[in-house]
Amino acid sequence: LEEALGEAAAKEAAIQAEIGDLRAEQDIAREAKLAAEADLASCLDAMEATHADLMAEHSRAASLQDEVQGLEEALREAKVESDGHKDALRISQDQLQSIMQECQCPINHSLLRDPV
């Protein structure tokens, strides 16, 4: 009977040791889980900040695109206006040349330079 009690005590001690090892492993796993959750939360915060930055840059890019389109339109309008001024200068030169010829004035060719 004493021998059986000794074996049972030894088995109980082995089981208690195994329970201690399992609890230690459980504590390690719990700490690893908490660390992983903290890393995940940090990654999510960084992802949200990056998303907000990207959305701000997208908005800025859209605003710049609108500005570029406005400038392109203004440039087209300025070119049309410039072409109109060139045409008006050509007509004025033609008129000046015609008037000078009618008056039989000597033609000052520096006045008749092509403005283009």
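Q: Why is D27 called partly exposed in this predicted model?
A: In this predicted model, D27 has a relative accessible area of 40%. A residue is buried under 20% and exposed over 50%. The value for D27 falls in between, so D27 is classed as partly exposed.

Q: What makes the contact of R30 and D27 a salt bridge?
A: The side chains of R30 and D27 meet at 2.9 Å, N to O. The cut-off is 4 Å between a side-chain nitrogen of Lys or Arg and a carboxyl oxygen of Asp or Glu. Because 2.9 Å is within 4 Å, the pair qualifies. R30 is itself partly exposed, at 41% relative accessibility. Both residues lie in helix α1 (residues 2–103), three residues apart, or about one turn of the helix. Side chains of opposite charge can pair when their charged atoms come close.

Q: What makes E73 and R76 a salt bridge, and how are they placed in helix α1?
A: Their side chains meet at 2.8 Å, N to O, and this distance is within the 4 Å limit, so the contact counts as a salt bridge. E73 and R76 are three residues apart in helix α1, about one helical turn. An α-helix has 3.6 residues a turn, so residues three or four places apart point the same way. With relative accessible areas of 36% for E73 and 48% for R76, each of these residues is partly exposed.

Q: Why do K79 and D83 fall into separate accessibility classes?
A: K79 has a relative accessible area of 51%; exposed means over 50%, so K79 is exposed. D83, at 32%, lies between the 20% and 50% limits and is therefore partly exposed. The side chains of K79 and D83 meet in a salt bridge at 3.2 Å, N to O, and the two residues are four residues apart in helix α1, about one helical turn. The structure holds four salt bridges, among them this one.

Q: What makes M47 exposed, and which residues form a nonpolar patch with M47?
A: M47 has 53% relative accessibility, and since the exposed class begins over 50%, M47 belongs to that class. M47 lies in helix α1. Together with L40 and L44, M47 forms a nonpolar patch on the surface, with about 300 Å² of accessible area.

Q: How many disulfides does the structure have, and how accessible are C43 and C103?
A: A search of the whole structure finds zero disulfides, so zero pairs of cysteine sulfur atoms meet the 2.5 Å criterion. C43 is exposed at 52% relative accessibility, because this value is over 50%. C103, at 49%, is partly exposed, because this value is not over 50%.

Q: How do you know what span is expected for α1, and what span does α1 reach?
A: The expected span is 1.5 Å times one less than the number of residues. For the 102 residues of α1, this gives the expected 152 Å; from first C-alpha to last, α1 reaches 148 Å, close to that expectation. After α1 comes Q104, whose phi is positive, near 60°.

Q: How much of the protein chain counts as buried, and what elements does the chain contain?
A: Of the 116 residues, 3% count as buried, and buried means under 20% relative accessible area. The chain has one helix and zero strands. Its accessible surface comes to about 10000 Å², of which 59% belongs to carbon and sulfur atoms.

Note on methods: Residues numbered from 1 in each chain as written. Predicted model: local features only at pLDDT ≥ 70, side-chain atom pairs only at ≥ 80, totals over all residues. Heavy atoms only, no water. Buried < 20%, exposed > 50% of the residue type's maximum accessible area, 1.4 Å probe, protein only. Areas by Shrake-Rupley, 256 points an atom, 1.4 Å probe, with all protein chains shown as cover. Patch = residues over 30% accessible without salt bridge, like charges linked within 9 Å, V, L, I, M, F, W, Y side chains within 5 Å.
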